[in-house]
Amino acid sequence: MKKLDELQDIISEAVTKLSFPICPAELYEPISYILSMGGKRMRPALLLMACDLFGGDVDEALAPALAIEVFHNFTLMHDDIMDNAPLRRGRTTVHERWNKNVAILSGDVMLIEGYKLMMQVKNNLLRQILDIFNNTAVGVCEGQQFDMEFETRQDVSIQEYITMIRLKTAVVLGGALKIGALIGGADLKDAELLCNFGENLGIAFQLQDDILDVYGDPEKFGKQVGGDIISNKKTYLLIKALELAKDDRSIELTGLLVNKQFDNTEKVTAVTNIYNSLEVRQYAETEMQDYADKAFKALDAINLPEDHKQYLRDFADGLMVREN
């Protein structure tokens, strides 16, 4: 079994070897540019991991793993346009470095390049794997749409939020694992169980991210603590607080959300105090653990050697105690 960091290195090296036409430059240069920004390459590494777990040849899974990475970066390129984001991983975003039209069209061809890579799987698996890839891609778009709608809604439910993070984040993890498992020789039942493991782990991971944004150590978390509070982002914590807050506390929380003139530190402190009084962190941690438990239940049912299952348990445990 290859270690996760080995698989990430394989992907990183393969990304540097991807080549695109030179002309027209403004169509293809942004693709190489965004792919050069790095990142953890976690999604494609999981595809390779799943293939390896079932005894498959990792080299056969490399092209579809790259397809997942190209697709993921395509979504980032378009997300940055929608968010008017100036930076991505500390570097100027594509639409800022070139312009929005370039970023839209370059993203479009990037998606097609992803399909070209995914189609390099063996013919006997092609239709099945393209179906998974299609469903994953549609899910990500649906999740992004829900996320955008939530920005202007004050009545988002916990279940709606879970659905959104499952679609926007978790389905890619599940889809990558399912594709890798099938390439590795898994039967459909085991591939679906591994997909279920990935989706539930992805939801738990995002809930942990929500908690860390408020309660994490900024030195270890790697980004500003309280960023979600400052931007009024609909997270599990905020949605639960809006659900639980009554009378004066409800008025106070609503006032903090609608006030455009505020000191960032004071707002983070005030909202965190409300969260503490309503014990929303405990609710979030319970929900996070519920989804982690669902992931492990699916894992237990997979027909794999125990040492391979332990590899996945260790991976999940490492993901769920991260502080950055």
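# Reading helices, rings and loops: a dialogue

Tutor: Let's begin with two helices: α4 and helix α6 (residues 100-118) pack with their axes 8 Å apart and at an angle of about 165°. That makes α4 roughly antiparallel to α6, a label for angles over 145 degrees, where under 35 is roughly parallel, 65 to 115 roughly perpendicular and the rest oblique. Axes here are lines fitted to C-alpha atoms, for helices over the stretch in contact, and angles run from 0 to 180 degrees between N-to-C directions. This is a predicted model, in which local features need pLDDT of at least 70 and side-chain atom pairs count only at pLDDT 80 or more, while totals for chains, interfaces and linings use all residues. Residues are numbered from 1 along each chain as its sequence is written, and side-chain values use heavy atoms, leaving out hydrogens and water.

Student: How are helices and strands picked out, and what is the hand of the crossing of α4 and α6?

Tutor: Helices (H or I, at least four residues) and strands (E, at least two) are DSSP runs, numbered from the N terminus. The crossing of α4 and α6 is left-handed; that means the near helix is turned anticlockwise from the far one by less than a right angle, with clockwise being right-handed.

Student: What span should α4 have?

Tutor: The expected span is 1.5 Å times one less than the number of residues. For the 22 residues of helix α4 (residues 62-83) this gives 32 Å, and the end C-alpha atoms are 31 Å apart, which agrees. Just after α4, Asn84 takes a positive phi of about 50°.

Student: How many residues of α4 are buried?

Tutor: Buried means under 20% relative accessible area, exposed over 50%, and partly exposed in between (1.4 Å probe, protein chains only). In α4, 19 of the 22 residues are buried, so the helix is mostly covered.

Student: And how do I read aromatic pairs?

Tutor: A pair of aromatic rings is described by the distance of the centres and the angle of the planes. Rings of Phe, Tyr and Trp (its six-membered ring) pair if their centres lie within 6.5 Å; planes under 30 degrees apart are stacked, over 60 edge-to-face, and the rest tilted. By this rule the count is five aromatic pairs. One of them, Phe146 with Phe150, is stacked, at 6.4 Å centre to centre and 25° between the planes. Ring pairs also link Phe71, Phe74, Tyr115 and Phe133 into a cluster.

Student: Where do Phe146 and Phe150 sit in their helix?

Tutor: An α-helix has 3.6 residues a turn, so residues three or four places apart point the same way. Phe146 and Phe150 are four residues apart in helix α7 (residues 123-150), about one helical turn. Phe146 is partly exposed at 32% relative accessibility, whereas Phe150 is buried at 1%.

Student: Which charged residues lie over rings?

Tutor: The test is that NZ of Lys or CZ of Arg is within 6 Å of the ring centre and within 35 degrees of the ring normal. Lys267 lies over the face of Phe262, 4.2 Å from the ring centre, and the charged end of Arg281 sits over the ring of Tyr215, 4.6 Å from its centre.

Student: What should I look at in the loops?

Tutor: Try the backbone angles. Pro24, in the loop between α1 (4-17) and α2, follows a cis peptide bond from Cys23, with omega near 0°. Arg41 has a positive phi near 55°, lies in the loop between α2 and α3, and is buried at 6% relative accessibility. Lys40 is in the loop between α2 (25-35) and α3 (42-53), but is exposed, at 52%.
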